[in-house]
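Work through the exercises below with the model open beside you, and try each task before you read its solution.

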Amino acid sequence: MHGTQRTPILGIYPVSMHRHALWHPFADMSVVAGNDFIIASGDGCTVTDTHGRTYLDSTAGLWFANIGHGRIEVAQAAAQQMSRLAAYSTFGDYANAPVLELADRIAAMVPMTDAKVFFTSGGSDSVDTAVKMVRKYWQLLGKDDKQSIVTRTSAYHGMHVAGTSLGGIAANRAGFEDFGSQGRTVAWDDPQDLEAYLHQVGPEHVAAFFCEPIIGAGGVYLPPDGYLERVRQICRDHDVLFVADEVISGFGRTGCAFASTRWQLDPDIILAAKGMTSGYAPMGAVVASGTVADPFWAPGAGMWRHGYTYSGHAVSAAVALANLDILERESLVTAVRGLEVTLSAALAPLRGHQFVHQVRSGIGLLGAVQLDPAVLAEDPGLPTKIVHGLRHHGVVSRMLADGSIQISPPFTITRRQLQELSTGIDAVLTDLGSAREPIQSLHAELLPEQDRDYRGFDSLDDQLLLDVPPHHGS
Ligand SMILES: Cc1ncc(COP(=O)(O)O)c(C=O)c1O
């Protein structure tokens with residue numbers, strides 16, 4: 001008001017003019033503070049920064065933007081729901097229309113009988129909810145000693161307290177191993193290790209095996225042939241619940257609705273998040289088979305004292321429904337299946353790189369280009385150089401726990417863009433001094449005509465070396 005002194009109500013505390021207050025997750029803030037890489041917008045498989053530079057999104061954000069960025073239809077669904085009812089409790093008997101519809105729709109999608117859906121705010125919530133659910137399940141059956149939880153080495157199960165202690169990435173657990181952990185990791189690739197552990201502690205002490213079907217954040221490790229079927233059977237034989245952590249693999253990333261669908265795992269519980277809303281709103285779920293849910297739902301079971309403020313958030317549910325509409329209408333899961341060999345074909349030449357230890361792909365739109373550990377040991381700054389170098393070549397990506405470049409693009413990616421992605425990785429490795437031996441892909445015929453000859457790498461170089469990366473329209 002004119003002439004009067006306003007007393008500030010918000011923002012009265014001093015902040016440094018030289019530092020930003022945002023504390024980034026998974027970041028070395030001594031390096032990142034004030035050096036934010038600010039994404040301003042997204043469109044299809046690309047994102048654009050605040051300088052107007054457009055990049056191919058090779059990771060779909062953090063494995064979530066499955067339908068691609070900038071879908072107005074989803075924004076409209078959110079706006080409509082928000083103006084009607086943004087959120088309300090779903091504790092007790094409260095519900096809202098979109099969450100009821102979404103639960104039924106997910107129950108019909110999962111490869112389980114009589115599934116029930118418990119909503120959460122994200123993947124870590126889903127993991128910790130499931131940790132409590134499996135213990136409670138056995139308690140309801142009078143088997144209170146079944147408490148231990150087994151996971152796979154290199155697996156990632158979120159960053160809540162239980163998930164931190166259960167994870168198989170040692171660096172993430174360091175200092176927190178004791179957090180509620182009564183569990184144990186077993187070799188990610190050897191079913192016998194699981195069996196041996198069950199015999200060692202006695203299955204009467206083991207509640208569940210939490211299985212990330214394809215190791216994601218740990219480096220995109222595909223399950224060895226027969227591994228998933230075998231561990232599933234071991235759990236069945238020993239009366240141990242099989243929990244599929246499908247936070248990444250769920251809702252189509254493997255080219256099937258769920259990894260559990262692809263490998264016919266008949267899981268007791270599926271954990272979901274990310275692709276459920278394609279990241280347009282935060283939401284997760286624990287989907288329990290009828291067998292697991294029955295004792296909770298039985299007369300006399302009483303209240304299960306668990307839930308979150310945003311369990312069943314109405315806007316998130318409306319967003320998830322719009323996301324599922326798009327996935328179905330555009331047959332995007334089928335598209336993923338069709339692109340998995342193309343992705344392998346595009347990445348294959350990178351195996352010839354001196355700096356590359358392994359290239360992993362072959363299941364859905366999931367891949368990794370792992371750097372040679374010896375090269376990494378010599379230059380620990382290499383991952384950062386690669387991430388920055390990729391941006392220079394018009395690609396946004398990130399490095400995974402084992403020194404791999406993550407590849408998990410939106411499902412709408414084109415064959416041409418997959419080739420561009422590989423070209424970008426090739427270019428940055430070359431820039432950093434890695435020599436490449438020519439390696440032909442077994443599936444080169446699946447790549448766009450003009451790129452089939454891997455001299456195509458060179459033909460795109462001039463364009464990619466421009467200061468302003470090219471626009472990768474979809
Ligand atoms: C397999 C898996 N489980 C759980 C989580 C945790 O999900 P959120 O980060 O949404 O809490 C993640 C996240 O990347 C994940 O990949």
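A residue counts as near a molecule if its C-beta atom, placed from the backbone, lies within 6 Å of that molecule. Please keep in mind that this is a predicted model.

**Exercise 1.** Find which residues are closest to the ligand, and describe the shell around the ligand by class.

*Solution.* Begin with the count: the ligand is surrounded by 15 residues, and the closest are Gly-122, Gly-123, Ser-124, Gly-158 and Val-247. Next, look for the element that gives the most to this shell, which is helix 5 (residues 123-140), with three residues. Finally, sort the shell by class, which yields seven nonpolar, six polar and two charged residues.

**Exercise 2.** Check whether the length of helix 12 agrees with its number of residues, and then state what covers its buried residues.

*Solution.* Helix 12 (residues 314-329) has 16 residues, and because each residue should add 1.5 Å, the expected span is 22 Å; the end C-alpha atoms are 23 Å apart, which agrees. The buried residues of helix 12 include Ala-314, Val-315, Asn-323, Leu-324 and Leu-327, and among the elements that cover the buried residues are helix 3 (72-84), helix 4 (97-109) and helix 13 (332-347). Just after helix 12, Ser-331 takes a positive phi of about 50°.

**Exercise 3.** Describe how domain 1 and domain 2 touch.

*Solution.* The domain assignment gives domain 1 (29-57 + 333-464) and domain 2 (73-329), and their centres, taken over C-alpha atoms, are separated by 30 Å. In the contact, 20 residues of domain 1 meet 16 residues of domain 2. On the side of domain 1 that touches domain 2, helix 13, strand 11 (356-363), strand 12 (366-371) and strand 14 (404-407) each supply at least two residues.

How values were computed:
Residues are numbered from 1 along each chain as its sequence is written. This is a predicted model: local features need pLDDT of at least 70, side-chain atom pairs count only at pLDDT 80 or more; totals for chains, interfaces and linings use all residues. Helices (H or I, at least four residues) and strands (E, at least two) are DSSP runs, numbered from the N terminus. The expected span of a helix is 1.5 Å times one less than its number of residues. A residue is buried if 20 or more other C-beta atoms lie within 10 Å of its own, exposed if 12 or fewer, and partly exposed in between; C-beta atoms are placed from the backbone. Two residues are in contact if their C-beta atoms, placed from the backbone, lie within 7 Å. Ala, Val, Leu, Ile, Met, Phe, Trp, Tyr, Cys and Pro count as nonpolar, Asp, Glu, Lys and Arg as charged, and the others, Gly among them, as polar. Domain bounds come from an automatic or database domain assignment.
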